[in-house]
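Dear colleague,

I am handing over the structure we spoke about, and my notes follow below it. Please keep it open while you read.

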Amino acid sequence: MAFRRACQVACGIAGTAAVVVAAAATQRRGDGRVEAAVSWSPGPGAPSVGLEHRPGGGWDSNWDKREPISLIKPNKKNREASEDVTTQLEDYKVKATRHIFLIRHSQYNLSALTDKERILTSLGREQAELTGQRLASLGLNYDILIHSSMTRAKETAAIISKYLPDLEMMSCDLLREGAPIEPIPPVSHWKPEAMQYHEDGARIEAAFRRYIHRADLKQQNDSYEIIVCHANVIRYFVCRALQFPPEGWLRMCLNNGSITWLTIRPNGRVALRTLGDSGFMPPDKLTR
């Protein structure tokens with residue numbers, strides 16, 4: 001519950017790049033305290049947020065800063081004592097696995113000028129119904145449904161929730177659509193301003209650090225969480241979680257209402273179980 005309250009506070013105040021960075025710059029420790037966790041090193045042309053620890057060739061097992069050795073508080077009374085380090089490490093080992101379902105919103109009115117007018121089309125509502133049915137059919141005990149605060153994501157989440165009664169829902173500004181990082185190779189049909197990459201990139205990286213990490217130390221059982229958001233956000237999350245170059249995010253395509261399933265093990269290993277799964281929809285319901 002403390003984690004959810006913290007999410008609600010952070011997501012409620014997000015709105016400017018400075019505030020978002022402040023929200024991203026904290027993470028939960030095993031003892032419940034909050035500590036700084038972000039260092040920024042922007043590169044030319046596009047922000048390099050979140051990339052300062054990109055491994056040179058191997059897997060960075062401490063990518064989320066939740067390795068047991070990172071959580072042990074220094075012994076001020078006897079810093080040189082190495083007693084019970086192994087025992088302490090055992091106490092700080094994560095026990096549960098997190099399953100995160102990233103859902104792209106359904107089809108919406110592309111001709112609208114404002115977010116409020118970008119409501120789901122009739123086909124989009126059908127897609128959300130099918131996604132909700134698919135999630136329910138998996139028979140999992142979902143813990144929470146978090147959604148972007150943009151209209152199309154809110155409406156998609158509301159329809160999905162009909163098939164998952166009594167599931168707690170939460171809105172988050174950090175998950176709004178945007179331009180996460182300049183794609184490589186570049187594309188000719190989509191060229192945001194450098195300022196948009198700078199601002200959106202910080203926010204989307206903040207969302208990644210808030211939601212994509214191994215389980216809390218207090219978590220005893222595996223969790224199943226649903227996040228309804230946007231294609232750019234999901235694609236960036238996948239690249240970052242798998243420690244692939246995030247600049248490649250635009251090479252992936254996701255259908256509306258599709259399901260991307262990430263699993264984060266207690267040892268920090270990440271598995272991509274499905275990417276943009278929409279096989280549960282009839283071919284005439286598929287849109288991108």
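**Strands, a helix and two cores**

Strand S3 (residues 98-104) and strand S7 (residues 259-264) run antiparallel and are joined by six bridges, where strands are DSSP runs (E, at least two residues), as helices are (H or I, at least four), numbered from the N terminus. Within this pair, Ile-103 stands opposite Ile-259 in S7.

This is a predicted model, in which local features need pLDDT of at least 70 and side-chain atom pairs count only at pLDDT 80 or more, while totals for chains, interfaces and linings use all residues. Residues are numbered from 1 along each chain as its sequence is written, and side-chain values use heavy atoms, with hydrogens and water left out.

Both strands belong to an open, mixed sheet of six strands in the order S5-S4-S6-S3-S7-S8, two strands counting as paired if DSSP finds at least two bridges between them. At its edges are S5 (169-172) and S8 (270-277), each of which pairs on one side only.

The largest nonpolar core, meaning buried Ala, Val, Leu, Ile, Met, Phe, Trp, Tyr and Cys residues joined through side-chain atoms within 4.5 Å, has 33 residues; buried means under 20% relative accessible area (1.4 Å probe, protein chains only). Helix H8 (231-241) gives the most to this core, with eight residues. Ile-146, among the residues with the most contacts inside the core, touches Leu-175, Tyr-211 and Ile-227, among others, contact being heavy atoms within 4.5 Å. A second, separate core of 15 residues includes Tyr-142 and Trp-261.

Best wishes

Methods. Buried means under 20% relative accessible area, exposed over 50%, partly exposed in between (1.4 Å probe, protein chains only). Lists of a residue's contacts leave out its neighbours within four places in sequence.
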